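Q: I have just opened this structure for the first time. Could you show me how to read a few of its features?

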Amino acid sequence: MKSVRVRYAPSPTGDPHLGSVRTALFNWLFARRHGGTFILRIEDTDQGRRVDTSVLAIMEGLKWLGLDWAEGPADDGRGSKGPFGPYFQSHRLNLYHKYADQLIQTSHAYRCFCSPARLEAVRRAQQQAKVPPGYDRHCRDLPASEVEQQMAAGTPHVVRFRMPQEGATSIHDLVRGDVTWERKLLDDFVLLKSDKFPTYHLANIVDDHHMQISHVMRAEEWLPSTPRHVMLYEAFGWQHPQFAHMPLILGADRSKMSKRHGSTSVLAYRDEGYLPDAMTNFLALLGWSLDDKTEIIPREEMIRHFSIERITKAGAIFNPEKLQWINGMYIRALQPAELAEKLVPFLEKPADEGGLPATVKRPVNRAYVSKLVPLVQERLRILSEGAELTSFFFEEQLSYDPALLIQKGMDKAGTLNALKLATEQLDTQPVWGAHALEELMRALAEQLNLKAGQFFGAIRVAVTGRTATPPLFQTMEVLGKERSMARLRQSIDMLAAQA
RNA sequence: GCCCUCAUCGUCUAGUGGCCUAGGACGCCACCCUUUCAAGGUGGAGACCGUGGGUUCGAACCCCACUGAGGGCGCCA
């Protein structure tokens, strides 16, 4: 195989979405697998839809996921790096004009002076007549004299491809096998718009050729435009790259994933606390598999084993629950110190963005976070759950319903008594370690003739304000004696005061 | 309407003619572990492999038709 050069060619019209990023991932994996080159090219040929922040967002998304490009926009998002640049199509206009002219010279293309209004009317008529929509080739065979006249008059025009009407065009798609189209069903698509910008079709072919792209890996939605591209390559006398059309990522309703299906920007997943490795692992599994059983696949393994042959053909519904599960697996695999570091920014977010309550001072004490992290590591699925899971570690004042203190099979008086005894004994406890605390309290439970679950349950609520927490005595150890004792005493007051 | 693609548990998938009375994973349920919640372990429910025809000694796997779903049909990519 000649050297692998693949590109990810998004148009900067918004944040990078999941489907788009999955395409980037597959291209990147393929390049890595074959020691090839992964190229980022910005297809900004639509001035109307261009969103300025988009290029930065796309690069941010790729960087976050660790998908580095050898050629493409430079890190500042302005210049380009790599030998075939620039990698912004809007900076390559001369090239497209040159090739559009060449196509006109060789009669593979022609100028079309039809107004948008006329095109619209034609389309409407076609719709009414239930005829396949498409350009009616009005200008395909305009006399040279009229073309000259229109040009002299400065009439806005586009350049269209003169689609041959005989025969068929086939490709051998690496994912789908042979696919064939009747040429007479293909219309005379636009190559150059009246604003002198190329369409996607022209720019794409010219650039893929000039950048020596070996494999075009893109989503299935591009399959229908592939015969047009192949015809263009032929018109230029160029060899076309190999094609591989990947399955679409679908929403729950089985339609193409879009904004309608909720937050689909990868950056939103980053902000919710998904780990980049978990994200790539999950995305890779949407349309590709390593074997019949492996789910957690380290990046290096992914690279080693990635192959187009194992890409699925059918579209895949995005399953958020599985993503959460995978993320949980990656969180558990983290070193506690790493997790602590990743968690802190999420804890410090404003309360209404999922951070700790507003009453908790920022910045949080990192040493303290490091101590509690081991207690919540296996209970976390995404980083943004951290604040909810740990807020009682930080709060000065707990607020909860005192009735929660009374455990199943116990009453108020019994609970009060148990809590008082616990408080007394704990108060004299010199060594505030989980093990010692547990021994002491187990003995007391026995003495009180209470089940450990009952007794510990009451203490748990007293100390944390919750019924579900990390292991009680470890929690108390992290909380510290002073804070634990204060909470115990407060619980007694609250319960006693309750009617 | 026309063109193209696709079709195995709810979901992601394994499966390329006999190893399939269809395997794994998420989710769900139960049990074990256990001071709660998780994590972990074990087990379970869950797919007559879209339907109907072929081919073959034998089909989830090959062929045809149908049906269904999706994508495309812009001076958007």
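Q: Let's begin with a strand pair. Which residue of β6 does Y110 stand opposite?
A: Happy to help! Y110 stands opposite R160 in β6. Please keep in mind that we are looking at a predicted model.

Q: How are β5 and β6 joined, and in which direction do they run, parallel or antiparallel?
A: The two strands run antiparallel, and four bridges join them.

Q: Which strands make up the sheet around this pair, and in what order?
A: The sheet is open and has three strands, ordered β5-β6-β9 with antiparallel pairing. Its edges are β5 (residues 109-112) and β9 (residues 190-192); each has a single partner strand, so one side of each is left without a neighbour in the sheet. From one strand to the next, the twist averages 40°.

Q: R160 caught my eye. How far is its polar side-chain atom from a phosphate oxygen of RNA strand B?
A: That distance is 3.5 Å. There are other polar approaches to look at too. In the side chain of S289, an N or O atom is 3.2 Å from a phosphate oxygen of RNA strand B. For D46, a polar side-chain atom lies 2.9 Å from a sugar or linking oxygen of the RNA strand.

Q: Let's widen the view. How many residues surround RNA strand B, and which are the closest?
A: The RNA strand is surrounded by 68 residues, and the closest are K193, W222, E378, R379 and R460. Of the atoms of RNA strand B that come within 4 Å of the protein, 70% belong to sugar and phosphate.

Q: What classes of residue form the surface near RNA strand B?
A: By class, this surface has 29 nonpolar, 25 charged and 14 polar residues.

Q: Which element gives the most to that surface?
A: Helix α11 does, with five residues. Elements that each supply at least two residues include α4, β6, β8 and α17.

Q: Now for burial. Is T280 buried or exposed?
A: A residue counts as buried when its relative accessible area is under 20%. T280 has 3%, so T280 is buried. T280 sits in helix α9, which covers residues 276-285. Beyond its neighbours within four places in sequence, T280 is in contact with L25, L65, R299 and M302.

Q: And R228, is it buried or exposed?
A: R228 counts as buried at 18% relative accessibility. This arginine is found in helix α7, residues 226-236. Not counting residues up to four places away in sequence, R228 touches M163, D187, F189 and H201.

Q: What should I know about backbone angles before I look at some here?
A: Here is the general idea: most residues other than glycine have a negative phi, and most peptide bonds are trans.

Q: Which peptide bond next to P86 is cis, and where does P86 lie?
A: The cis bond joins G85 and P86, with omega about -5°. P86 lies in the loop between β4 and α3. Another cis peptide bond runs from R362 to P363, where omega is near -10°. P363 has its place in the loop between α12 and α13.

Q: What is the phi of R137, and what is that of K196?
A: R137 has a positive phi, near 65°. R137 is found in the loop between α4 and α5, and counts as partly exposed at 23% relative accessibility. K196 has a positive phi of about 75° although it is not a glycine. K196 is in the loop between β9 and α6, and at 40% relative accessibility K196 counts as partly exposed.

Terms used. Residues are numbered from 1 along each chain as its sequence is written. Chains are lettered from A and ligands numbered from 1 in the order in which they are written. This is a predicted model: local features need pLDDT of at least 70, side-chain atom pairs count only at pLDDT 80 or more; totals for chains, interfaces and linings use all residues. Side-chain values use heavy atoms; hydrogens and water are left out. A residue is near a molecule or strand if one of its heavy atoms lies within 4 Å of it. A polar contact is a pair of N or O atoms within 3.5 Å; within protein, one must be able to donate a hydrogen and the other to accept it, and residues adjacent in sequence count only if both atoms are side-chain atoms. Ala, Val, Leu, Ile, Met, Phe, Trp, Tyr, Cys and Pro count as nonpolar, Asp, Glu, Lys and Arg as charged, and the others, Gly among them, as polar. Buried means under 20% relative accessible area, exposed over 50%, partly exposed in between (1.4 Å probe, protein chains only). Contact means heavy atoms within 4.5 Å. Two strands pair if DSSP finds at least two bridges between them. Axes are lines fitted to C-alpha atoms, for helices over the stretch in contact, and angles run from 0 to 180 degrees between N-to-C directions.
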